[in-house]
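Trainee: Could you take me through one part of this model closely, namely the place where two neighbouring helices meet, and set it in the context of the chain around it?

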Amino acid sequence: DEDGDGNLNLSEFMALINQMRIGIRAGVAIQLFMLFDDDQNGFLDYHEFLRHLFPEEYVLDQQQRAKTFQEPNKRVSEALNHLDAMRVS
């Protein structure tokens, strides 16, 4: 990510492929980029990159995000239940 925007454009992706020295042709690298670009916006964001190159890590990342999101909701629900119980008493 040469410009620090959190996304890889095609040029940055091609540079990464070259740095990795995995020996694929430019045409194949372009096809991979297009395959990985799920929303077809011309950029690979962190989630698109992770999902395609490291699917297990992507699943773990999504599970952690869901857990982080669920914790505050659980506390809000508990607080609302407590308020309801106080109102009934």
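Mentor: Of the 89 residues in the protein chain, 17% are buried, and it is best to keep in mind from the outset that this is a predicted model. The chain exposes about 6,900 Å², and 58% of that area is supplied by carbon and sulfur atoms. Its secondary structure comes to four helices and two strands, and when these elements are read from the N terminus on, their order is β-α-α-β-α-α. Among the contacts between residues at least 6 apart in sequence, 28% join residues that are at least 24 apart.

The part to look at closely is the pair α1 and α2, where α1 covers residues 10-20 and α2 covers residues 26-36. The axes of these two helices come within 10 Å and cross at roughly 125°. An angle over 145 degrees would count as roughly antiparallel, and one from 65 to 115 as roughly perpendicular; α1 and α2 are therefore described as oblique to each other. The crossing of α1 and α2 is, in addition, right-handed.

As for the residues that make this contact, α1 contributes L10, F13, M14 and I17, while α2 contributes A26, A29, I30, L32, F33 and F36. Sorted by class, the contact of α1 with α2 has 10 nonpolar residues, with no polar and no charged residues.

One of the residues on the α2 side, L32, deserves a separate look, since L32 lies in helix α2 and is nevertheless not counted as buried, because its relative accessible area is 26% and the cut-off for buried is under 20%. L32 is thus partly exposed. Leaving aside residues up to four places away in sequence, L32 touches F13 and I24, and F13 is also among the α1 residues that meet α2. Looking further along the chain, L32 and H52 are 20 residues apart, and their C-alpha atoms are separated by 9.6 Å.

F36, another α2 residue in the contact with α1, can be placed relative to helix α3, which spans residues 46-53. L50 lies in α3 and is buried, with a relative accessible area of 9%; the C-alpha atoms of L50 and F36, 14 residues apart along the chain, are separated by 9.5 Å. R51 is also in α3, but R51 is partly exposed, at a relative accessible area of 28%. R51 and F36 are 15 residues apart in sequence, with 8.4 Å between their C-alpha atoms.

It remains to consider the loops on either side of α2. Most residues other than glycine have a negative phi, and against that background two loop residues are worth checking in the display. R21, in the loop between α1 and α2, has a positive phi near 50° although R21 is a residue other than glycine; at 76% relative accessibility, R21 counts as exposed. Q40, found in the loop between α2 and β2, the strand at 44-45, likewise is not a glycine and has a positive phi of about 55°. Q40 is exposed as well, with a relative accessible area of 55%.

To draw the picture together, α1 and α2 cross obliquely with a right-handed sense, and their contact has 10 nonpolar residues, including L32 and F36. The loop between α1 and α2 holds R21, and the loop that leads from α2 to β2 holds Q40.

Definitions and conventions:
Residues are numbered from 1 along each chain as its sequence is written. This is a predicted model: local features need pLDDT of at least 70, side-chain atom pairs count only at pLDDT 80 or more; totals for chains, interfaces and linings use all residues. Side-chain values use heavy atoms; hydrogens and water are left out. Axes are lines fitted to C-alpha atoms, for helices over the stretch in contact, and angles run from 0 to 180 degrees between N-to-C directions. Angles under 35 degrees count as roughly parallel, over 145 as roughly antiparallel, 65 to 115 as roughly perpendicular and the rest as oblique. A crossing is left-handed if the near helix is turned anticlockwise from the far one by less than a right angle, and right-handed if clockwise. Contact means heavy atoms within 4.5 Å. Ala, Val, Leu, Ile, Met, Phe, Trp, Tyr, Cys and Pro count as nonpolar, Asp, Glu, Lys and Arg as charged, and the others, Gly among them, as polar. Buried means under 20% relative accessible area, exposed over 50%, partly exposed in between (1.4 Å probe, protein chains only). Accessible areas come from the Shrake-Rupley method with a 1.4 Å probe; for residues, only the protein chains shown count as cover.
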